[in-house]
Amino acid sequence: MVQSERIFGLDLMRCIAILMVLCSHILWIYPQNSSLLYQVFTLFGFWGVEIFFVLSGFLIGSILYRTYLRESYTIKDVFGFLKRRWFRTLPNYYLVLLLNIAVTYYIGNPLKGVFPYFFFLQNFCSPMPVFFTESWSLSVEEFAYLLLPFALFLSLFLSKKLNRKKIFLLTVLILVLVFLGTKIGYALTTSNTTGEEWNRSLKAVVFYRIDSILIGVLASWLAVEFSEFWKKQAVNLMFLGFFLIGVIYFSMAVFKITAEQNPFFWNVLFLPLTSIVFWLFLPFLSQWKSANTLFSKPIRFVSIVSYSVYLLHYGIVLQLMKYLFDTSNCSTLELHGFTLVYLFVTFFLSFLFYKLYEKPLMDLRERF
């Protein structure tokens, strides 16, 4: 996407998401504590990935919906969509996967079960392993990229009497219900779990999470079919999003709504509700086309390198820095200094990674 085609509000959303993820992993540098800031940064890690899911669904939904409404939506269109997504995501992923394997061997950690990572199966229907943990969300996205275009292609044969706008909506809604059903199945077959077990066995498992991206896809349909509502209610929907965030988390804190005590809410409702809350920000942000250059340049820079940052920041940069420099006896001031160096190294390497590897491969896809 060229600079002039970028939408500042969506860049801002992507920037906020990656900075939230970084905030959560910075906590590994500091001793664990019960401070409010520590808890907020932990929450940011969850929010950041959920924002990425909704934004990704909105963007791929917009692409697929435009393609689907053409007179012919063929298997060639399906593979054309996949080609573009794979050129965007797979080269980075596989190179960083190999780097993670090399780093793990270098620092002497045991390494088992790497083979599934090459097919995004490490967390398909089982808890996410500890190796390359940030890759769990990439598996969710890759299977969503596979599932949705093929489901839309098959829907044309199964629902010939409906117009395509309705078929698209119905197909996505059915898929959302399917993955809501997988969470209900988890809730019915799993006894009360800890928050940590919920995090590994439900939140980070593909089989239960694809609806988070599909909710973003529904937003793309709404943006086209109810464009006047999307435009006129953008500010109101954004404030509703802020209001719901406050209500949900205030209620959870006051009424002690935990995974152990309220498993149905956590296992079935909490994740879809979070996705819906974050898509309420899309009408406003998707219409924020540009901003002052002084403000927009750093936002767009972070947005552009965000995928590289996501892949490199934790398993590669932070793990190596923690291995090479013992921070266990450092003062708070020294830890702050370590954090600043970590952030600089992360963004510098991510920029090089984007400039020398990611962007050339994205440019290459236009030639195929």
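1. Let's start where two helices touch: Trp136, Ser137 and Leu138 in H4 meet Tyr307, Tyr310 and Leu311 in H13. Sorted by class, the contact of H4 with H13 has five nonpolar residues, one polar residue and no charged ones. Contact here means heavy atoms within 4.5 Å. For the classes, Ala, Val, Leu, Ile, Met, Phe, Trp, Tyr, Cys and Pro count as nonpolar, Asp, Glu, Lys and Arg as charged, and the others, Gly among them, as polar.

2. Before going on, a word on the model. This is a predicted model, in which local features need pLDDT of at least 70 and side-chain atom pairs count only at pLDDT 80 or more, while totals for chains, interfaces and linings use all residues. Residues are numbered from 1 along each chain as its sequence is written, and side-chain values use heavy atoms, with hydrogens and water left out.

3. Back to that helix pair. Two packed helices are described by the angle between their axes and the distance between the axes. How do the axes of H4 and H13 cross? Helix H4 (residues 136–158) and helix H13 (residues 306–324) have axes that come within 11 Å and cross at roughly 135°. The axes are lines fitted to C-alpha atoms, for helices over the stretch in contact, and angles run from 0 to 180 degrees between N-to-C directions. H4 and H13 are therefore oblique to each other; angles under 35 degrees count as roughly parallel, over 145 as roughly antiparallel, 65 to 115 as roughly perpendicular and the rest as oblique.

4. Now zoom out. How many helices and strands are there in the protein chain? There are 14 helices and zero strands, so no need to hunt for a sheet when the terms are read as DSSP runs (helices H or I, at least four residues; strands E, at least two; numbered from the N terminus).

5. What about overall dimensions? Along its principal axes, the C-alpha trace of the protein chain spans about 70 × 50 × 45 Å. A compact globule with 368 residues would have a radius of gyration near 21 Å, and the protein chain has 21 Å, which agrees. That radius is taken over C-alpha atoms, and the globule rule is 2.2 Å times the number of residues to the power 0.38.

6. Next, inside and outside. Of the 368 residues of the protein chain, 51% count as buried. Buried means under 20% relative accessible area, exposed means over 50%, and partly exposed is in between (1.4 Å probe, protein chains only). The protein chain exposes about 18,500 Å², with carbon and sulfur atoms supplying 69% of it. As for contacts between residues at least 6 apart in sequence, 81% join residues at least 24 apart.

7. Have a look at the loop between H3 (75–107) and H4, where Phe120 sits. Phe120 has a phi near 60°, a positive value in a residue other than glycine. Phe132 is found in the loop between H3 and H4 too, and its phi is positive at about 50°, although it is not a glycine. Are these residues buried or exposed? Phe120 counts as buried at 7% relative accessibility, and Phe132 is buried with a relative accessible area of 3%.

8. Helix H9 (residues 234–254) holds Ile245, and Ala234 lies in H9 as well. Ile245 counts as buried at 16% relative accessibility, and Ala234 is buried at 5%. Not counting residues up to four places away in sequence, Ile245 touches Trp47, Val277, Phe278 and Phe281. Leaving aside neighbours within four places in sequence, Ala234 is in contact with Phe229, Pro283, Phe284 and Gln287.

9. Which residues does Asn267 contact, leaving aside its neighbours within four places in sequence? They are Lys183, Tyr186, Ala187, Trp198 and Leu202. Asn267 lies in helix H10 (residues 263–279) and is buried, with a relative accessible area of 3%.

10. Lastly, try Lys165 in helix H5 (residues 164–189). Lys165 is partly exposed, with a relative accessible area of 39%. Not counting residues up to four places away in sequence, Lys165 touches Tyr65, Leu69, Trp221 and Glu225. Lys165 and Leu222 are 57 residues apart in sequence and 11 Å apart in space, C-alpha to C-alpha.

Definitions and conventions:
Accessible areas come from the Shrake-Rupley method with a 1.4 Å probe; for residues, only the protein chains shown count as cover.
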